[in-house]
Amino acid sequence: MAELIKLYEENPNPKQVEKVVNVLRQGGLVIYPTDTVYGLGCDITNSKALQRIARIKGVKLEKANWSFICADLSNLSDYVRQIDSATFKILKRTLPGPYTFILPGNNNLPKDFKKKKTVGIRVPDNAIARALVIGLGHPIVSTSIRDDDDILEYTTDPELIFEKWQNLVDVVIDGGYGDNVASTVIDLSGDAPEVIREGKGSLEIY
């Protein structure tokens, strides 16, 4: 059964953050707040944890399109091929923020993502999410817990999220009410930017 841990975005308790980070290091699954909907995440390098998320979401791991949650843009060169200055300016201007940017992957992707030509990069405007990544030392793989057929409260109210997910994950972070609008997804891997999904982020970013 999962543990429900309260964290405040204004000042996330370092001891509690470290407790969650240790769960991630040990292959645990964590539900945590972002600047949009609550996310389900794990250590990007842990194959067993990634397989657990794939089973929960009902997808094959090799076909899953999940985001890499980063603390800032310094992680980019670890997983993304060199990008031009115009693309970097867009990222610099909008992140942290409610966007997922699809970018060309490089040869250093973790083993479970080696066949991916592109990766989705997120830098949420949420101190709790970024503190977890900083503590872990590398990105968290993340997917939304939002379900279009679900009752809205079950994806926005942390106590109801815990009630629903407590037997599937290891930690649920109560970071306050979440949003029910996902991030805006923009593909920057091709010749021209392409909006894949309209969400919380403004499209007037160019």
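Which residues does G27 touch, not counting residues up to four places away in sequence? The answer is N46, A49 and R52. That makes a good starting point for a walk through this model, which is a predicted one.

**Around G27**

You will find G27 in the loop between helix 1 (14-25) and strand 2 (30-32). Is this glycine buried or exposed? G27 has a relative accessible area of 11%, and buried means under 20%, so G27 counts as buried. Now look for D170: this residue is 143 positions from G27 along the chain, and the two C-alpha atoms are separated by 9.4 Å.

**The chain as a whole**

Let's step back for a moment. The chain contains 7 helices and 10 strands. Its radius of gyration is 16 Å, close to the 17 Å that the globule rule gives for 206 residues, so the chain is as compact as a globular protein of that length. If you drew a box around the C-alpha atoms along the principal axes, its sides would be roughly 45 × 35 × 35 Å.

How much of the chain is buried? Of the 206 residues, 52% count as buried. The accessible surface comes to about 10,400 Å², and carbon and sulfur atoms hold 46% of that surface. Contacts tell another part of the story: among those with a separation of 6 or more, 64% are between residues 24 or more positions apart. As for charge, the chain has 25 positive and 28 negative charges, and their mean positions lie 8 Å apart.

**Inside the cores**

The largest nonpolar core has 40 residues, and the members that touch the most others are I31, F68 and F101. Several elements supply at least two residues each to this core, including strand 3 (39-43), helix 3 (76-79), helix 4 (85-94) and helix 7 (158-165). Helix 2 gives the most, with 4 residues. Another core lies apart from this one; it has 20 residues, among them V20, A71, I128 and L132.

F68 deserves a closer look. Not counting residues up to four places away in sequence, its contacts include I44, Y79, F113, P139 and V141. L109 is also one of the residues that F68 touches.

**Three residues to compare**

Here are three places to find in the structure, each with its relative accessible area.

| Residue | Relative accessible area | State |
|---|---|---|
| L40 | 0% | buried |
| L109 | 1% | buried |
| K115 | 83% | exposed |

Where does L40 sit? Its place is in strand 3. Leaving aside neighbours within four places in sequence, L40 is in contact with a set of residues that includes L29, I31, I53, V141, W165 and V169. K15 is 25 residues away from L40 in sequence and 21 Å away in space, C-alpha to C-alpha.

L109 belongs to the loop between strand 5 (99-104) and strand 6 (118-122). Beyond the neighbours within four places in sequence, L109 is in contact with F68, Y79, K114, K116 and V119. Its distance to N167 is 30 Å from C-alpha to C-alpha, with their positions 58 residues apart in sequence.

K115 lies in the loop between strand 5 and strand 6. Why is K115 called exposed? Exposed means over 50%, and K115 has a relative accessible area of 83%, so the label fits. Although E62 is 53 residues from K115 along the chain, their C-alpha atoms are separated by 7.9 Å.

**A bond to look for**

One last stop is at L95 and P96. What kind of peptide bond joins L95 and P96? The bond is cis, with omega at about 0 degrees. P96 itself is found in the loop between helix 4 and strand 5.

How values were computed:
Residues are numbered from 1 along each chain as its sequence is written. This is a predicted model: local features need pLDDT of at least 70, side-chain atom pairs count only at pLDDT 80 or more; totals for chains, interfaces and linings use all residues. Side-chain values use heavy atoms; hydrogens and water are left out. The radius of gyration is taken over C-alpha atoms; the globule rule is 2.2 Å times the number of residues to the power 0.38. Buried means under 20% relative accessible area, exposed over 50%, partly exposed in between (1.4 Å probe, protein chains only). Contact means heavy atoms within 4.5 Å. Accessible areas come from the Shrake-Rupley method with a 1.4 Å probe; for residues, only the protein chains shown count as cover. Lys and Arg count as positive and Asp and Glu as negative; His and the chain ends are not counted. The place of a charge is taken as NZ of Lys, CZ of Arg, CG of Asp or CD of Glu. A nonpolar core is a set of buried Ala, Val, Leu, Ile, Met, Phe, Trp, Tyr and Cys residues joined through side-chain atoms within 4.5 Å.
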